[in-house]
Amino acid sequence: MKVIGLLGGMSWESSIVYERIINEEVRRRLGGHSADLLIRSYNFADIEPLQSAGEWDQAGRLLADGARTLEAGGAELLLLCTNTMHTVADVIAAAVNIPFIPLVPKTCATWAPMRGTPSARRPAPGGQCGSACTWAGVR
């Protein structure tokens, strides 16, 4: 089983959801197993000002540093556990030498049911799905 690096969520509330879903799916597919995870979760109080100010370059550098930390810790692939921050996905992917698995295409395709969740309340620039969905080729 590969070591999965989880970059985010941008708060513990979202991080725990990603960990639960991944582990439930591993258990469903493999029986009594759980995923081998490295997690870099963030204090949203550090992220929110960057989003509000449109400081996407700085946010990209912050998450790229986190991605490199996960890779150095042994992660063999990387998941970005946030919708809005896919706005800086290219910066993150360029910072590491491990596969980067984007989650945004699936979430953008099902965006409407997510209205009212913390990530949906602060969409990326560019509309309801924002530039994160544009990045993923989903409109």
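From the N terminus on, the elements of the chain follow the order β-α-β-α-α-β-α-β-α-α-α. The model described here is predicted. In total, seven helices and four strands are present in the chain. Of the 139 residues in the chain, 42% are buried. Contacts between residues at least 6 apart in sequence were also considered, and 66% of these join residues at least 24 apart.

The four strands form an open sheet in the order S2-S1-S3-S4, and the pairing is parallel. Strand S2 (36-40) and S4 are the edge strands, each of which pairs on one side only. Helix H1 (residues 12-30) packs on this sheet and touches S1, S2 and S3. The direction of helix H1 makes about 170° with that of S2. Helix H3 (residues 56-72) lies across S1, S2 and S3 as well, and runs at about 160° to S1.

Strands of a sheet pair through backbone hydrogen bonds, in either the parallel or the antiparallel sense. In this model, S1 and S2 run parallel and are joined by five bridges. Within this pair, Leu6 stands opposite Ile39 in S2. The connection from S1 to S2 passes through H1, and this β-α-β crossover is right-handed.

Strand S1 (residues 3-7) also pairs with S3, in the parallel sense and over four bridges. Here Leu6 stands opposite Leu79 in S3. Leu6 of the model thus has Ile39 of S2 opposite it in one pairing and Leu79 of S3 in the other.

Strand S3 (residues 77-80) is covered on both faces. Leu77 and Leu79 are buried on one side, and Leu78 and Leu80 are buried on the other. S3 is further joined to strand S4 (residues 100-101) by two bridges, and these two strands run parallel. Leu78 stands opposite Phe100 in S4, while Leu79 stands opposite Ile101 in S4. A right-handed β-α-β unit is made by S3, helix H4 (residues 89-95) and S4.

Individual side chains were examined next. Asn23 has its place in helix H1. Asn23 counts as buried because its relative accessibility is 18%, and buried means under 20%. When residues up to four places away in sequence are not counted, Asn23 touches Ser34, Ala35 and Leu37. Leu37 falls within strand S2 (36-40), which is among the strands touched by helix H1.

Aromatic rings were treated in two ways. A search of the whole structure for aromatic pairs finds zero. A charge over a ring is nevertheless present: the charged end of Arg40 sits over the ring of Tyr42, at 4.0 Å from its centre.

Technical notes
Residues numbered from 1 in each chain as written. Predicted model: local features only at pLDDT ≥ 70, side-chain atom pairs only at ≥ 80, totals over all residues. Heavy atoms only, no water. Buried < 20%, exposed > 50% of the residue type's maximum accessible area, 1.4 Å probe, protein only. Pairing = 2+ DSSP bridges. Right-handed = clockwise from strand over helix to strand, strands pointing away. Contact = heavy atoms within 4.5 Å. Axes fitted to C-alpha atoms, helices over the stretch in contact; angles between N-to-C directions. Phe/Tyr/Trp six-rings, centres within 6.5 Å; stacked < 30°, edge-to-face > 60°. Lys NZ or Arg CZ within 6 Å of the ring centre and 35° of its normal.
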